[in-house]
Amino acid sequence: MRITHPFHPLCGRTFELICRRRHWGEDRVVYEGQNGRLCTIASAWTDIEPPDGFRLVAAGT
């Protein structure tokens, strides 16, 4: 899994996906961060989600 959100500090880095769950009312992915600590991020901010149609149109693609 790769973090794709342009403003996230880890944008472009890849991580091994541990699982995908619903946390805090949204779909999130769990991955192993620094020092073996489990971290979560919105799945929409990764390449695991299909591209958002609005963002594709807005980007002109």
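Here are a few short exercises on the structure above, each with a worked solution.

The model is predicted, so local features need pLDDT of at least 70, side-chain atom pairs count only at pLDDT 80 or more, and totals for chains, interfaces and linings use all residues. Residues are numbered from 1 along each chain as its sequence is written, and side-chain values use heavy atoms, with hydrogens and water left out.

**Exercise 1. Sketch the chain**

Work out how many helices and strands the chain has, and in what order the elements run.

Solution.
- Step 1: Count the elements: there are 3 strands and 1 helix. Helices (H or I, at least four residues) and strands (E, at least two) are DSSP runs, numbered from the N terminus.
- Step 2: Read from the N terminus on, and the order is β-β-β-α.
- Step 3: Add the dimensions: along the principal axes, the C-alpha atoms fill a box of roughly 40 × 25 × 15 Å.

**Exercise 2. Compare two arginines**

Decide for R28 and R22 whether each is buried or exposed, and find a side-chain partner for each.

Solution.
- Step 1: Place them. R28 sits in strand β2 (residues 26-32), while R22 belongs to strand β1 (residues 17-23).
- Step 2: Apply the cut-offs: buried means under 20% relative accessible area, exposed over 50%, and partly exposed in between (1.4 Å probe, protein chains only). R28 is buried because its relative accessibility is 11%; R22 is exposed because its value is 62%.
- Step 3: Look for polar contacts (a pair of N or O atoms within 3.5 Å; within protein, one must be able to donate a hydrogen and the other to accept it, and residues adjacent in sequence count only if both atoms are side-chain atoms). The R28 side chain makes one of 2.4 Å with the side chain of E26. The side chain of R22 instead reaches the backbone oxygen of G25, at 3.1 Å.

**Exercise 3. Follow S43**

Find where S43 lies and which residues surround it.

Solution.
- Step 1: Locate S43 in the loop between β3 (38-42) and α1 (53-58).
- Step 2: Check its accessibility: S43 counts as buried because its relative accessible area is 3%.
- Step 3: Find its side-chain partner: a polar contact of 2.8 Å links S43 to the side chain of D27.
- Step 4: List contacts (heavy atoms within 4.5 Å). Beyond neighbours within four places in sequence, S43 meets R20, D27, R28, V29, I48 and E49.

**Exercise 4. Find the core**

Name the residues of the largest nonpolar core, then trace the contacts of I41.

Solution.
- Step 1: Recall what qualifies: buried Ala, Val, Leu, Ile, Met, Phe, Trp, Tyr and Cys residues joined through side-chain atoms within 4.5 Å.
- Step 2: The largest such core has 6 residues: M1, I3, F15, V29, Y31 and I41.
- Step 3: With neighbours within four places in sequence left aside, I41 contacts I3, H8, R28, V29, Y31 and T46.
- Step 4: Set this against the whole chain, where buried residues make up 23% of the 61 residues.

**Exercise 5. Examine L38**

Is L38 in strand β3 buried or exposed, and which residues does it contact?

Solution.
- Step 1: L38 counts as exposed because its relative accessibility is 56%.
- Step 2: Outside its neighbours within four places in sequence, L38 contacts I18, V30 and Y31.
- Step 3: For L38 and I18, which are 20 residues apart along the chain, the C-alpha atoms are separated by 8.8 Å.
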